[in-house]
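Got the model open in your viewer? Let's walk through it one selection at a time.

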Amino acid sequence: MLEDNPFFVLGLPADTSRIEIEREAQKLLGMLELGFADTKTYQTPLGARPRTPELVRAAVAALRDPYRRLIAELWARHAPAPTTAERATDPAEPSHPGLRRSLGWGP
Amino acid sequence: MYALPVILLTRLHQYAIDARRKNRTWHYFAWSGVAALIATVMFLLATTLVALLFYAKLWWLAIAMIGLLLLPIVGPTLVRHVLVPLGAYRLAYYLGWACRPGKDPTAYGLVAAAWAQAVKPIGAGEAWVALRRDKRIPLGDAEVIATALLAASRGDAATARLLMRSAHMLVEIHPMVRELAGEWLACDAAERGAWSEIAEDAEAARWPATPLTYFLEGVAARRLGSASAPSRRELWARWLLAPHRRHTNELRDAATPTSSETPAAHEAQTNSVDAPPPDRAPLPRAIAAHLAFSTSAPSLISLGTTVRAWDAALSDGATHGWLGRRALELDAPLGAVDRALREIATVVTDQLARIADGAQLGAPMSHGPIGDGLARRLRHGRLDNLEAGFTRWRDRQHDGEHHAAIDEWREFIALQTAYTAAITAGGAELRRLAFPHAYSTGTHMAAWLWNTRSEYALSHAISKWLLDEALAVGDTEAIELGHRNCDLYVPTRNDK
Amino acid sequence: MDTPLYVGIDLGTTNSAAAVFDGERVSVIRNAQGATVTPSVVRIDKQGRITVGTRARRFLEQDSANTAAEFKRLMGTGKAIEFPANSSAKKPEELSAEVLKALRQDITDQLGVQIERAVISVPALFELPQSAATSEAARLAGFSRVELLQEPIASALAAGWRADDDGGGTWLVFDLGGGTFDASLLETRDGLLRVVGHDGDNFLGGRDFDWTITEHLASQLSVVPRRNNPEHAAALRALRLAAEDAKIELSRGDRAQVTLAQPLSIDGQDVDVDLELTRATVERLCTPLVDRALDVCLRLLSGNGLGPGRLAKLVLVGGPTVMPMVRQRVAARLESTIAEGHDPMTLVAQGAALYAATASLDGRAASVAVPAGRQVWLQYPAVSADLTPHVVGKFVGDDPPAKIKLVRNDGAWSSTEATVGPDGTFLTTVTLLPRRASTFEIEARAKGGELVAVTPSQLTIVQGLTIGDPPLSRTLGVALANGHVQVYLERGAPLPARRTFTHHTIETVAKGSSDSVLRIPIVQGELSQAELCRLVGTLDIGGDVVKDTVPTGSAVEVTIELDRGGRLSARALIPAIGQVFEHVAHLLVPDASPEVLDAAIRDLRRQLMDLRSDAFRHQLGHVIEKLDRIEARLSEAERDIDAAHGGDADAAQRARRALLDVDATMAEADLSRKWPELDQNARHVAISASSTVGEHGTDAERALLQEVLSAMEKARREKDAAELERQMRLASRLSRAAFHRTSEAWEYYFEDAASEISKMKDLPKAQQLVTEGKAARAAGNTPELRRVVNALWQLLPEDSEARKKGFDSGVR
């Protein structure tokens, strides 16, 4: 609910009106279709995520439904501000990449 | 004239190597020296003999003598430094077989071939090795380790790791093969920086140590600052003894710092959970905690914090008030507030359970709707999954669908790993609940593998594991049966 | 100027219609006979000539064997319909394709344009195989692209488009078609139409009205024809056509005479038909059916927190809604007034045409005009509720113009000049004229300010009611091994949609082994138990295709994708071996053989009886009420199964569906009574374990049992059935271990095993063992007795648990 929150997907504040949401979604879908570079990702508190037409469609459909909008707002309004930063260092990152190979165990 | 000393020297050489394998003290160096000395003598003797034979124009006999006398000494070195880097899996197989005329020479050949395949993977090589492996019945450590290397050749290190480790449970022991598994595991752990794994293996002397393993163990012990860590000088000695010195330079230097900094700092866990500011209202605080839990390394403490924060937020009057007001403004259907609270609880529990499951965390001691729900979810989820897996295993056997021995083994270790993960997270109580089902399936499968499939080593490993579990949960009946099963004599290829 | 043509087709069970929208008005297409609706009837004669529509319908009585009607209800079943005269067989989608071809020809005849793209309406509760079959029919009819839209949305869109007031509010579309019933709750706000929810009955329609009347008429004849007798089919068909006519007559008058020119031949006897039918009788007969539809409506309303009387508008669609009795009863029970002025027969087609505009699905074949000037790709809504929508564009090629301006062609408005980016992209806003089409000229200027010719040179946007993407009508998910469903796409999700989840395998797929298959079943339905949903496809990963053995517990990333034509695709990625599997076996609606249905209904009846006696015993009023409803459904299904025995494939499908629903309801009722039983069992187990372990157990066992008993107590307090069952198992195990220490235990087991000797796999060996056992018992040799018992147990057949619940799913 933080990662794919409709408000984050559309890049809109949680108090946006219905018609504004529709307009923004329509614009985003057009821009995605034509490959506008700056629409390809969106910001969430968990970092940037890729934006797809399916996500935009799902977001706008969710915000049309008062109940689902309520849920989306609950998260979006009370969450920390979205950030562009990528996730902190991945613990799965090897500390000596390629060591096994150089010690003769390939590949 | 030559036969007797050659036999004697070969025996002595083997004795020195075997003695070294059992050691992790200064004896290791001594036995290495003895082995090297004998090898040199044998090499000189053999070359003299070969030269004489050539001189006598008995060149065919000379070639035969090279094979007979030189190969056992230089074979493993040739395999490691020439054939494996070239990816010559067939040659590695045959040379491996030729240089170890022990009781089961193909075991080493098989692993050597898989090793060559792991270094330079090609599709045909994998099929070739797999075919040789499947011809060897019943299953033993060499087959498992060869399969692990094949998995590694495809880049699937996780599977390789699991399989390598599983070889330890088998009673058939080929030291030549086991030491390679130990070396692979040490190199792999070093790559990941998992020094404690290496230290644990060394402590338990799980695998015979090759010079490279011995060096890496030294590095691990020093990095972790353990009491048994080798001195600076000893580490240098281990480094000199091990191959690939050019690549291990850096590891040695990192483990022998000149300044007073402790290398143990490298292992320090970054376990800080950014605690949300206390002045925030419960709902933003819960979301912030949730965010922190899902982004940083999950721990039982941060899970507990998150759960408590949610339980507070969802019972908070301000949250209810906000929801009610907004529901009215948005003209949401009747009952939207209650539904929303329920839905958020479900979504939150789902997400927390997923992360906790992935990180093998237990349920936090927190009582509230989310805390209780999460505890129940984790517990039943884990038990359900285990039961489903074990049941399918038996069902498959019951339906007459039989897998190759190696795949039966892989299924067992997958189930066993899942079981271990579940009981590690769930504690003793979950262990007691999980045991009866695993036990009834496991004994059934062990009996079938023994009686019908003649997979003695495999069956014994399952029985042994079940016995250990029975002892842990104190199931007297299972302990009794377990002892009886484990006491059965397990025939291996090393007996021949 | 070339006007777009948006085409909508209502492919109905009994009648079909087509409509076009040109941006200004919607017009219904008339066929060669001048009618707005074309009967969905296809006839194939001896020469293989195909006749569709009214001309084919005439043969329904004379040459029924070679004339097919109502094949829509068999869409997706794969059941071929025979045409004996031409000795050929056609699948339902092939017949639907013939109807679509005829409609497509009518459009060409009327407008002079070849149509390639269209929106086709489908019932709201169509399952995926049925939707996919509809897309296939369109492809066979020569359409290059179609999108499917649920009928109620189409009706609402058409009804809303005409409405002058845009006051908003909630509407109900009551769509009683020939074969299906749909109730949809919609809401309009700010010019946006939204489906709030829908419900329906896939097997309730005007046809059922006709059958009820036909059966009533048949029961009055001297020899009663039966639906379960294939030889009576012709007589019943004749009677039914007469009943249909009488029904229409009774829409106006109070009495109708049902007379057939020729006597019916039933069991070799000539039976004259001359009966009278009154309006009151028809109303009495049809009321239960209308009520069934109304129950669906009320359930839908209450499910969305609405009571009757809260509806702003009520739209009736479909032939049977013309009956005055239907209109009165619906208006009365829903306490709302019916919106007038809509043609219930073509409303759906009109709505589909309007939707085609929203989806920018121009029906004409794409023209291959040589582009004059700079080419520009434009993105804008063809229909917009918003008065100031965005227009996004991108010039093709290097060195794009510098500025762009849109000028409305009434000359009253022009946009500000928008700057074109170096990559050729631009973004601007236009102002529309309310409730009509606005066309804008595109003026592009180069850096120097001179005009640049662009293609296209203009764009048209219609302002009006819009609907978002068509929603998914039934939840789609993956069945898990534990019998639950992981929901991927929830009901109402906008299409096209795609979702990915990670699962874990619960069995090993061994490389090279062809019988080792990992199954990922894809199901559709609203219930969380997989067995109560419909299996719509499976993704099988076999041992013969995997690069390496995939052991238990491996991760599988499953992606499910669904387009607007009802086409499902799924992909499974196994990261450990880096392999992707995409081949989905699409399933047909399962065949419903009368024998299988008989067995199923017997089973359900038995369960019902159990539940009923239980409910009485525990005085569960609400359960009894529920069971009464189930009873009624079962009786209805029994009638359908009777008809299925007479060769009515459609009735068989309906019965299958009904039984599935009953099964789901029963499962709910079953859960509510399961707990007391379990609770009682738990008490028994606790008592027996306490005494056995107390007497024969070790100290450790006694301590363990104490813990187990307190855990059981906790589980009972929390009504946690799964936990209680697990703890019970543990208690039983402890108790058994203690019991085994006693000498009588093995004697008892021996007696027990010996009594089951007839079931054993190897009888001679079993007899031998029994003899040995008797000797051991006589000698008091417990270890020996124990060995014998264990050996005997090995010979007993195991009961392999049925895995049907999760459709054999291999993932969790």
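**Chain B and its domains**

Start by colouring chain B in three pieces: domain 1 (1-87), domain 2 (282-366) and domain 3 (381-495), with bounds that come from an automatic or database domain assignment. Before going further, some housekeeping: this is a predicted model, where local features need pLDDT of at least 70, side-chain atom pairs count only at pLDDT 80 or more, and totals for chains, interfaces and linings use all residues. Residues are numbered from 1 along each chain as its sequence is written, chains are lettered from A and ligands numbered from 1 in the order in which they are written, and side-chain values use heavy atoms, with hydrogens and water left out.

Now select domain 2 and domain 3 of chain B, whose C-alpha centres are 39 Å apart. Five residues of domain 2 of chain B and four residues of domain 3 of chain B make up the contact (contact means heavy atoms within 4.5 Å). Between domain 2 and domain 3 of chain B, about 350 Å² is buried, with carbon and sulfur atoms giving 37% of it; buried area is the accessible area (1.4 Å probe) that two parts lose on being put together, summed over both.

Which three residues of domain 2 of chain B supply 86% of the area it buries against domain 3 of chain B? Pick B:Asp357, B:Gln360 and B:Gly362, which supply more than any other three residues. Keep B:Asp357 on screen and add B:Arg382: their side chains meet in a salt bridge (3.0 Å, N to O). The rule finds one salt bridge across this domain interface, where a salt bridge is a side-chain nitrogen of Lys or Arg within 4 Å of a carboxyl oxygen of Asp or Glu.

**Where chain A meets chain B**

Next, show chain A beside chain B. The contact here takes 31 residues from chain A and 50 residues from chain B. Chain A and chain B bury about 3,600 Å² between them, and 71% of that is on carbon and sulfur atoms. On the chain A side, click on A:Tyr67, A:Arg100 and A:Trp105; these lose the most area to chain B, together 24% of what that side buries. A:Arg100 has a partner to look for: its side chain meets that of B:Asp188 in a salt bridge (3.6 Å, N to O). Two salt bridges are found across the interface of chain A and chain B.

**Where chain B meets chain C**

Hide chain A and bring up chain C. What does carbon and sulfur give of the area buried between chain B and chain C? The share is 44% of about 3,800 Å². Each chain is represented in the contact, with 43 residues from chain B and 43 residues from chain C. In chain B, select B:Arg392, B:Arg432 and B:Glu477, which lose the most area to chain C, together 19% of what that side buries. The salt-bridge count between chain B and chain C is twelve. For one to look at, zoom in on B:Asp331 and C:Arg189, whose side chains meet at 3.4 Å, N to O.

**Inside chain C**

Colour chain C by domain: domain 1 (1-162 + 343-362), domain 2 (164-338), domain 3 (374-467), domain 4 (476-590), domain 5 (594-735) and domain 6 (741-795). Select domain 1 and domain 3 of chain C, with C-alpha centres 36 Å apart. Here 14 residues of domain 1 touch twelve residues of domain 3. About 1,100 Å² is buried between domain 1 and domain 3 of chain C, 66% of it from carbon and sulfur atoms, and the salt-bridge count between these two domains is zero.

**Last stop: the cavities**

On a 1 Å grid over the protein atoms alone, a cavity is a set of points where a 1.4 Å probe fits but cannot get out, and lining residues have an atom within 4 Å of a point. A volume is the space filled by probe spheres set on the points, which are joined across faces, edges and corners. The whole structure has 16 cavities of 30 Å³ or more, and the largest has a volume of about 180 Å³. To find the largest cavity, select C:Ser131, C:Gln150, C:Ser473, C:Leu495 and C:Gly566, the closest to its centre of the 20 residues that line it.

The second largest cavity holds about 130 Å³ of space. Of its 14 lining residues, B:Arg432, B:Asp475, C:Leu704, C:Leu730 and C:Leu734 lie nearest its centre.

Technical notes. On a 1 Å grid over the protein atoms alone, a cavity is a set of points where a 1.4 Å probe fits but cannot get out, and a pocket is an open set with protein on both sides within 12 Å along at least five of seven lines; lining residues have an atom within 4 Å of a point.
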